[in-house]
Amino acid sequence: MHHQQSNEIAIAILGGSAIFIFLGITLIFLIIIYRRKQQEYFNQKLILEENFRKELLQAQLETQEQTFHSLSQELHDNIGQVLSLAKLNMSVIEMNSIDTESNEMVSQTKNLLNIAINDLRDISKTLNTEYVKEKDIKESIDRELAMLRRTRKFSADFTINGTPFFIKAERRLILYRIIQESLNNIVKHAGATHIVIDMSYTDNRLDIKITDNGNGFDIEKTRDGIGLMNIKQRSAMIDSKFNIESKPGTGTTLSITLTRDIDINAE
Amino acid sequence: MFLWYIYILLLLLNLVFALIRWGKLRTPIKWLFGLLCWVFLIEIFRKLCDEQWKSFGTHLNIPIEMMFQFLYFYYLLNKKKRIFLYGGLTFFFTALFVAWNVDNDFFWQKNFIDGVFMDVCITFWTGLFFYELIQKPIRYNINIDGNFWVNCGNILYYPGTILLFGLNRYLESVNPELWQNLRPLNYFLNLLIYVLYLIAFIMDRNKK
C-alpha cells in the first residue's frame, strides 16, 4: 500500500515538475519570439519611415533646384539683358559725347556695368542646375571661390589630391550644393578671412575638407541652424558622411566623405 | 556525488567570470554574485558537517538566499513594483514563523518546506521581471542583458523544485529509496540554473 502511494507521489512530483519546467520553457520561448516579431515590425517601420523621409527630401530638393533654375534663367534673360542694354546705351553716349569729364564718368559706369554683368553671369551659372550638372565639381568650386575672392573680404585656397573619379550628375549637384551652403555659412556667420578647400581622392572615396579661420563655435551648445540642417539632409541623400569640428576661437572644419562604390556602374 | 562536484565547479566558474567581468556587470547581477558566494560557502559547510547540522545549514541558507534574491530584484525591478517585493518577503517570513510555531524543531529537521515558500516568491518576482521585459523599448537587446538569462534560470529552477521540496519529507518517510532516485532532478535543475547564471555573467554588459 505504502509502496503504491509513494509511487503515485513520485509520479506527481515528476509530472508536476515537468509541467512547471515546460511552462517555464514555453514562457521563455514566447518572450523571445514576441521580442523578435516586435523587432522585425520596428525595423520594417524604420525602413518605411526612412524611405518616406528620403522621398520627401528628394521632392524638397527638386523644388529647390527648380526655383534655383528659374531664378538663374530670370537673372540671365531679364536682368542680364537689361544690364547689357544699359552698357550698350552707355557706349552710344560715350561715342556721341565730346565732354572729356563726362566720357570718364561713362567709362567708369561701363566698367561697373561690366562687373555687374560678370557677377550676375556667375551667380546665374551657380544657380543653374543643368550647368552645374554639366561641369565637373572642381570647375564649380573654382567659380564659387572666385566670386568670394572678388569681394576682397576673403582669400581662398583650393587643392585637389589624387585622381578624380566620376560622380553621377545628381550626386555631384547635391555635393556642390553642400559646399555652396558651407561657404554661405562661412560668409554669413564665421567672421573668417581665409578659406581652404581640400579634396582628396582615393581609389574608392572622396574626402572634402572645408576649413576657415573664423570665430568657431561650441558644437555641444550651438543648435543646428537651417543651413547646417540642409547640409546634413543633403549629405544623407547622397549617402555621404558629414562631420563638423569646431571650438570657439579656432575656426571650423567641415568634412564630407563620399564613397565611390555607388557610382562605379554609372561610369 | 559526481553531480555535486560538477555543481561546485559550475559555482566556482560563475564566481570567476563574475570577478573577471565585474566592471561590466549591472548592480543587480553584482548582488547575484553575493548570493553565489554564500551558496558556495554553505555547500562546503553542508558537505563537511553531520546530518543535523546539514539540515540547519539548509534552513539557514534559504532565508539568506531569499534576502539576496530580494536585493537582486530590488535593484532590478521598477520602483513601482517594490510593493510586491515587500509583500513577498512578508509572506515568506510569516510562513516561516508559522512553520516554526507549529514545530519548534523546524530548523533542525530535514525538510524543505521553507524552500517552497521561497520558490513561490521568486517565481512571482521572476514573472514580474518578464512582464517588465516585454514592455521595454524594442531596441533593447535581451541577449546582452544578463538579467534575462538569470531569470530564465529562475523560471525553470524555482517552479521546477516546488513539488520536490514540498513533498520530500513525506516521500522520504514512506520510501527513502525512491526519494534518493528523485534527487538527481534537483541536481539537474541546479546545474541548469548555474549554467544560465554563467551565461548571464558572461553576456551582461552595463551600458553607461
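Tutor: A disulfide is a pair of cysteine sulfur atoms within 2.5 Å. Keep in mind that this model is predicted.

Student: How many disulfides does the structure hold over all chains?

Tutor: Zero, over all chains.

Student: Why does B:Cys37 form no bond with B:Cys49?

Tutor: Distance. B:Cys49 has the closest cysteine sulfur to that of B:Cys37, and the two are 20 Å apart. The cut-off is 2.5 Å. The sulfurs are therefore too far apart for a bond.

Student: Is B:Cys37 buried, exposed or partly exposed, and how do you know?

Tutor: The relative accessibility of B:Cys37 is 28%. Buried needs under 20% and exposed needs over 50%. The value falls in between, so B:Cys37 is partly exposed.

Student: What makes B:Cys152 buried?

Tutor: A relative accessible area of 3%. The limit for buried is under 20%, so B:Cys152 qualifies.

Student: On to helix pairs. At what angle do helix H1 and helix H2 of chain B pack?

Tutor: About 150°, with the axes 10 Å apart. H1(B) covers residues 2–20 and H2(B) covers residues 27–48.

Student: Why is H1(B) called roughly antiparallel to H2(B)?

Tutor: Angles over 145 degrees count as roughly antiparallel. The angle here is about 150°. So the pair earns the name. The crossing of H1(B) and H2(B) is left-handed.

Student: Which residues in H1(B) and H2(B) meet?

Tutor: H1(B) brings residues including B:Trp4, B:Tyr7, B:Leu11 and B:Leu15. From H2(B) come, among them, B:Phe33, B:Cys37, B:Phe40 and B:Lys47. B:Cys37, the partly exposed cysteine, thus belongs to this helix contact.

Student: How do the residues of the contact of H1(B) with H2(B) divide by class?

Tutor: 14 are nonpolar, one is polar and two are charged. B:Glu43 and B:Lys47 take part in the contact, and Glu and Lys count as charged.

Student: Why are H4(B) and H5(B) roughly antiparallel to each other?

Tutor: Their axes cross at roughly 170°. The requirement is over 145 degrees. The value passes, so roughly antiparallel is the right term. The axes come within 9 Å. H4(B) spans residues 82–102 and H5(B) residues 113–134.

Student: Which residues of H4(B) and H5(B) meet?

Tutor: In H4(B), they include B:Phe84, B:Gly88, B:Phe91 and B:Phe92. In H5(B), they include B:Asp114, B:Phe117, B:Cys121 and B:Trp125. The classes are 14 nonpolar, one polar and one charged.

Student: Why are H3(B) and H6(B) called oblique to each other?

Tutor: The axes of H3(B), residues 51–76, and H6(B), residues 146–174, cross at roughly 140°. Roughly antiparallel needs over 145 degrees, and roughly perpendicular stops at 115. The angle lies between those limits, so the pair is oblique. Their axes come within 13 Å. H3(B) passes H6(B) in a left-handed crossing.

Student: What classes of residues has the contact of H3(B) with H6(B)?

Tutor: Five nonpolar, four polar and one charged. Among those in H3(B) are B:Glu65, B:Gln69 and B:Phe73. H6(B) adds residues including B:Asn147, B:Asn154 and B:Tyr158.

Student: How do you know that B:Asn168 is buried?

Tutor: The relative accessible area of B:Asn168 is 0%. That is under 20%, so buried applies. B:Asn168 sits in helix H6 of chain B.

Student: Which residues does B:Asn168 touch, not counting those up to four places away in sequence?

Tutor: B:Asn111, B:Phe112 and B:Trp179. B:Phe112 is 56 residues away in sequence, with a C-alpha to C-alpha distance of 7.3 Å.

Student: Chain A next. What makes the phi of A:Arg152 worth a remark?

Tutor: Most residues other than glycine have a negative phi. For A:Arg152, phi is near 65°, a positive value. A:Arg152 is in the loop between helix H4 and strand S1 of chain A.

Student: Why is A:Arg152 called exposed?

Tutor: Its relative accessible area is 78%. Exposed means over 50%, so A:Arg152 is exposed.

Student: Where does A:Asp239 lie?

Tutor: In the loop between helix H6 and strand S4 of chain A. Its phi is also positive, near 55°. At 41% relative accessibility, A:Asp239 falls between 20% and 50%, so partly exposed is the term.

Student: What makes A:Thr193 partly exposed?

Tutor: A relative accessible area of 45%, in between the two limits. A:Thr193 is in the loop between helix H5 and strand S2 of chain A. Beyond four places in sequence, its contacts are A:Lys153, A:Phe154, A:Ser155 and A:Asn213.

Technical notes
Residues numbered from 1 in each chain as written. Chains lettered and ligands numbered in written order. Predicted model: local features only at pLDDT ≥ 70, side-chain atom pairs only at ≥ 80, totals over all residues. Heavy atoms only, no water. Buried < 20%, exposed > 50% of the residue type's maximum accessible area, 1.4 Å probe, protein only. Axes fitted to C-alpha atoms, helices over the stretch in contact; angles between N-to-C directions. Helix = DSSP H or I, 4+ residues; strand = E, 2+ residues; numbered from the N terminus. Parallel < 35°, antiparallel > 145°, perpendicular 65-115°, else oblique. Left-handed = near helix turned anticlockwise from the far one by under 90°. Contact = heavy atoms within 4.5 Å.
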